[in-house]
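Below is a brisk report on a two-chain model. Keep the sequence and the structure open while reading.

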Amino acid sequence: MKRLLIILLGAFLCFAPDAPAQNPGAGFGVSKVDAASLIEFIRTEITPEIYFVPDDTDKSSYTIRVPKEEFLERAIAELRNSGYTVTHYDGKYFVLPGRDIALTLPAGYFERRETKTAEDDSLKNYLGGNASQMTFQNKIYEIGDPDARRRSGKATVRGYVRDVTSGEPLVGISVYDESGKSYASTDEYGFYRISLPVGENKLGFSGYSLEDLKLDLMVYGDGGLDVVMKEKVFSLTGAVITSESMAQHRTPRMGIEKVRIQMIKNVPVAFGEADALKVVMTLPGVKSVGEASSGFNVRGGSTDQNLVLFNGGTIYNPNHMFGILSAFNPDIISDVELYKSSIPSSYGGRISSVLEVRNREGNSKKVEGSLGLGLLTSRLHLEGPIVKDRTTFILGGRTTYSNWIFNLLPQGSGYAGGKASFQDVNLGLSQKIGSRNSLHLYGYWSRDKFSFSNDTTFRYRNINGSVRWHSIFSEGHSMTVTAGYDSYHYSIEDKFNAFTAYRLSNAVDQTFAKIQFKSALSDAHTLEYGVNAVMYDLNPGSYHALGDSSLVKSRDLSLEKALEGAVFVSDTWQIDEHLTFDLGLRWSQFFRKGNSHIPGGPEFRLSGKYSFDEVTSVKAGFNTMRQYIHMISNSVNVSPTDSWRLSSDKIHPQTGWQAATGFYKTLMGNTLDLSLEAYYKRVKYFVDYKSGAVLVMNENLADELVGTENRSYGVELMAKKSLGKLNGWVSYTWSRSRLREMEDRGVSTINGGDWYNAPYDKPHDVKVVANYKFTHRYSLSVNLDYSTGRPVTIPVGKYQYAGGTRLVYSARNGYRIPDYFRLDMALVIEPGHYLKQLTHMSFTVGCYNVTGRKNPYSIFYTTDGRDISGHMLSVFATQIPYINLNLKF
Amino acid sequence: MKPFRVISLLMLVLAASVSSCIYDFNPDLSGEDGYLVIEGDIALGEVSSFRIHLSSRLDTWQSERVDIHRFVVEASDGSIYEGMGHSEYYSVDMREADPSLQYRIVLNAVLPSDYGAGEVRPRRYVSSWSSLVEPAAIDSLSYSINERGTEMAIRVSTHSPERLGFYRWTAEETWEYRSDCYAFYYFMPAGTRYKDGVVSKDTVAAFENGENIYYCWTSDSRSQLMTGSTEALTEDRLVNYQIYTLANTDWRVSYVYGVEVRQTRISEEAFRYWEALKRNTTDVGGLFSPEPSELRGNIVNESDEKEMVLGYVSVVKPVTKRLFVDDRINRFYREKWEPVPEPFVPARSDWGKLYKQGFVPTTFHDPEAFGSNIPEVIFGVNDEYYWRPVRCVDCRLKGGTKNKPEWWPTPEI
């Protein structure tokens, strides 16, 4: 895949006055301002898409006072008069100094280089893809005020990296100093800030599926550099591309996996619907109990120990149709990021991991959309500007037509009346306020309904709304404020018998707010700090009579309300080019009325990195975590009836720590990353249940719970190739996860108080996710998954009792089901790249479980008279071919 | 727990719908045997019966004998009700027992694993002291058929003046069924004793006085665990509570079906035990099923509390009620279609040979076509009789007997 990088400069010098010199009484225009201010005025008043490199020798002052519609034309003429070249291309204006840059520098300074003037024509050629990109890359960009130039020391360069056609910020682009001394990556707004030594520098930009870009900079002082990347049509010749995941040599944090939507869309899944959660399960260290399960286990943790964040809001049930699909619409999301070891101190509240799912921002140039047709769902998405270049929206929706599945079931099966459906809607709004502020609004709504033979109906829904304000105070200081509301409601209606007809429901509602500051104190220290509060409002259960003849006693468990507050601070301390530490501390406290003995406490998030060279690093980390909300479920899978309960005087918060170490090496011209991570993890007060515990509608639930400790350890090996014709990863994990009841309850103690296997303890696993691009239109994806079978409890004996054969169960999880193996393949056919074409159609033809292996989900025994027989349930016991159609317009 | 039961069923459905399958899978495991099983309740006002045996391995039903030294029911006033029995079955006469006392069982027994070198001392097993949970009468026992006519539900209604109740039911089923082909006649080979003499040659004789091999009776006890509670309801009242179902293809309902439901009101603790046993037995294997778990009842070995003893002993006062379901009224039964062999008329000389090969005389038509008038003249003229394979004529070959229970409501014999 070849994408051409284009960079353009908009140097908004730090010493330039921020406010446009506009006299409100004097009509539209500016008077007596310098070029930078003029550009800034145009940017705020007319179009933000103006890129400017100041000519530092230009001391002209501009006064323009004309009607608004004529202003731009006049300004361009004036700028040209002052010796700038002004180019209009693709809706953007590029204002560049018209003289050879070399003239402004000491003679011989750049004698090794060829420098070129950015003529109107050459720029046009370049943007049109005709000129050599080297021409452009060999240009030298000046940062800062040459007159105020410092002889030594460091300067900060900051700016945005955006996509040139859609104006979307590009997230996670690595920005690095070629000498390897400093490194930054763009945040979710596409913003980066990097500290460079004064003088000549070579600055590299690299990102997923993008060519490496090297820019020559002449740094005089602090300044800005906006970089625009353009997605070019694919080229068959290919280009030198390297990996973004060089990133792992630059951050001391460990166990962070990021997958972009492009990769997610390539991974074949059952029914062909690109599914972020299913892809998360292909990462090393992530396991699930089986297919059709969206609950996942990270490094031996349980499913409720993962914080799933969607644009900052918590999703309590990230599944549709009980785990067949995840709740995230692939047309809307940009990437998912999983933190499984070094969890930044700004996150908390769950023991094992944080999974961040982020929306894309809408296209800021034009309205576009896509239509997707799959086996189970159809999708529609629209995005575009509301106010061009300032306000954008993205809207997506999905609905299902899966009832046909049930119609395939035989009439006599008794299930023919079953119906399943879901819908979800995503909305994202972004508003730029000046160059330093942006406001984002997110909304998410989903509902699921399943009815069973007209008697029983299950429903659940998620509602999330959040608003985020991002503000850059000054060079090194920024603030992000996020606030929102998350809601998850679940209900069952059972009308099977009119006298016992009921409606059972439960709900989690929470309001949250987070204020986070980022400050670069010096070259060596970057501080992040803030506060975080979550107000919980849980309805653990309502049980109501349904219909007039129902004898059901309506009952509501007492609502649970609490406040989880936390303050956090972390310092990224770069001691030298080899050694970096990330030292974080979070203090969380849980306040619940009537429960004064819920222990809060510190959480340490420490990690350190030592780099031997550019491509070889070792890291170590230690984290402690606390969790105050617990999922109550007695099945190994995440099931829709799970309810959530808060810590109380009787339900101790879960606490845990993890120590980890890793070795990282990048090979093959920065395209292949090898990593080895090892961890040891302990969790206490994990919730397990007494035998025969009543979990539903139980006011005194704490009496049914038993504190359990968890001990997990493992080694994860991964080779990842992010770019190239062949990309993807291969991983091998060896890990164990075992549980033990913490208190001694005599004969009732689970497993006699000894360690036993966690239900997701699968020691060996091998995962391969690979995508090979034959041409720019055809690519083949392969997904392979092998793991040891999960532990289950099977009977050890049988006996005749109460008129039938009964089974004796003993040691918990003492047996393993057969090993799991699955191979999936998909062929992705991209549209032809006719730029003028109105719609682009792409489709995916694939097959899930190509070998048709009957992978067991569970092993169980049934009895019939005197006979007992063993059975195995296999969820997808055959090949599932699929086709998915996507229409872009 | 109702919601979970439904969910696990539901998940199996969902899974099934996306091409999942359930396959036979028998891991090569033998397991372990020798856990003591004590089955039975202390049923006041009755002769209570108990069964004491050892659990078996998964791959065999063989199990060793428990050497029972003494089995008694002890009352809280010190009185002892001696168990009578042998081998593994014991009964205790509790007809005169005082319902206001607490009771428990005490078993002194030697397990096969105790035998070895040295002195063998019997282990002493006791159940927890329990008092009677006041019984509730069965208000009604009824059945209903679903709209599609595929399933019949047996329902019970009961109530007590108390706030809350826990119930367990067992059911003894008896059903009358018919063979596929009626016979007015039966075959007697030469030498069969008949009335006062012996038949001299192969003979076909007519049934007399309504005798037949067309109607049979058989019985069974339902093996599924049936429990219910009113903990979610406003009062201790169950109305038409479904305890089990019968499919329309079940041969039990092919003609006249009878069931005697025995209801016991039990303690909450006992109810939890039965629920858990039910979960371990039936609600397993689904996507959202709870994992089965080790299950302990209320019986312990006094000298080793860690020993797993299977079973739960309650103190109960059972009540029973009977229900009959006549399929001649409901027309609910859907027979699995099996072709009935065409009858044929053999030569008299072939009778003996055919009989040895498994053929007997029959009628050509279904007897119901004739009503109660047996048209004797149609058959038997010139020794021409229709014959068919015996398995389609003699109902006893399907497992039942001609032993009609004395309380059975139909006139057939």
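Buried residues make up 51% of the 889 residues in chain A. This is a predicted model. In chain B, 39% of the 413 residues count as buried. The table sets out the two chains.

| Chain | Residues | Buried | Helices | Strands | Contacts joining residues at least 24 apart, among those at least 6 apart |
|---|---|---|---|---|---|
| A | 889 residues | 51% | seven helices | 55 strands | 66% |
| B | 413 residues | 39% | four helices | 27 strands | 73% |

**Confidence**

The model scores ipTM 0.86 and pTM 0.74. Chain B has a mean pLDDT of 85, and 89% of its residues reach 70 or more. Residues 1-19 of chain B have a pLDDT below 50. Even there, the model holds 44 contacts beyond near neighbours in sequence. Where pLDDT is low, the predicted coordinates should not be read in detail.

**Cores**

The largest nonpolar core has 196 residues. Both chains appear among the residues with the most contacts inside it. From chain A these are Ala276(A), Val280(A) and Leu355(A). From chain B they are Leu36(B), Ile38(B) and Ile42(B). A second, separate core has 28 residues, including Val157(A), Ala184(A), Phe191(A) and Tyr220(A).

What does Leu355(A) touch, leaving aside its neighbours within four places in sequence? Its contacts are Val280(A), Asn306(A), Leu307(A), Val308(A), Leu309(A), Val336(A) and Leu338(A). Val280(A), like Leu355(A), is listed among the residues with the most contacts in the 196-residue core.

**Helix 1 of chain A and the strands around it**

Helix 1 of chain A spans residues 35-45 and is mostly covered. Eight of its eleven residues are buried. They are Ala35(A), Ser37(A), Leu38(A), Ile39(A), Glu40(A), Phe41(A), Ile42(A) and Arg43(A). The elements covering these residues include strand 1, strand 2 (50-52), strand 3, helix 2 (68-81) and strand 5 (92-97), in chain A.

Two of those covering strands also pair with each other. Strand 1 (residues 29-33) and strand 3 of chain A run antiparallel over three bridges. Within this pairing, Val30(A) has Ile64(A) as its bridge partner. Strand 3 itself covers residues 62-65 and has two faces. Tyr62(A) and Ile64(A) form the covered face. Thr63(A) and Arg65(A) form the uncovered one.

**A five-strand sheet in chain A**

An open sheet in chain A has five strands in the order 6-12-11-8-9, with mixed pairing. Why do strand 6 (140-143) and strand 9 (183-185) each have one side without a neighbour in the sheet? They stand at the edges with a single partner strand each, so one side of each is left free of a neighbour in the sheet. From one strand to the next, the twist averages 30°.

At one edge, strand 9 pairs with strand 8 (residues 174-177) in the antiparallel sense, over three bridges. Ser174(A) stands opposite Ser185(A) in strand 9. Ala184(A), from the 28-residue core, falls within the span of strand 9, residues 183-185.

**A sheet across the two chains**

Three strands form an open antiparallel sheet in the order 53(A)-54(A)-1(B). The edges are strand 53 (856-864) of chain A and strand 1 (21-24) of chain B, each pairing on one side only. Neighbouring strands are turned by 30° against each other on average, direction ignored. Strand 54 of chain A, residues 867-874, joins strand 1 of chain B through four bridges in the antiparallel sense. Leu873(A) stands opposite Ile22(B).

**Domains of chain B and Arg237(B)**

The assignment for chain B gives two domains, each made of two segments. Domain 1 is 32-132 + 268-313, and domain 2 is 180-215 + 340-398. Their C-alpha centres lie 52 Å apart.

Arg237(B) is found in strand 20 of chain B, residues 237-247. Is Arg237(B) buried or partly exposed? Arg237(B) has 18 other C-beta atoms within 10 Å, so it is partly exposed; a buried residue needs 20 or more. Beyond neighbours within four places in sequence, Arg237(B) contacts Leu551(A), His159(B) and Thr230(B). Asp326(B) sits 89 residues from Arg237(B) along the chain, and their C-alpha atoms are separated by 28 Å.

Technical notes:
Residues numbered from 1 in each chain as written. Chains lettered and ligands numbered in written order. Predicted model: local features only at pLDDT ≥ 70, side-chain atom pairs only at ≥ 80, totals over all residues. Buried ≥ 20, exposed ≤ 12 C-beta atoms within 10 Å, placed from the backbone. Contact = placed C-beta atoms within 7 Å. Core = buried A, V, L, I, M, F, W, Y, C linked by C-beta atoms within 7 Å. pLDDT = per-residue confidence, 0-100. Domains from an automatic or database assignment. Pairing = 2+ DSSP bridges. Axes fitted to C-alpha atoms, helices over the stretch in contact; angles between N-to-C directions.
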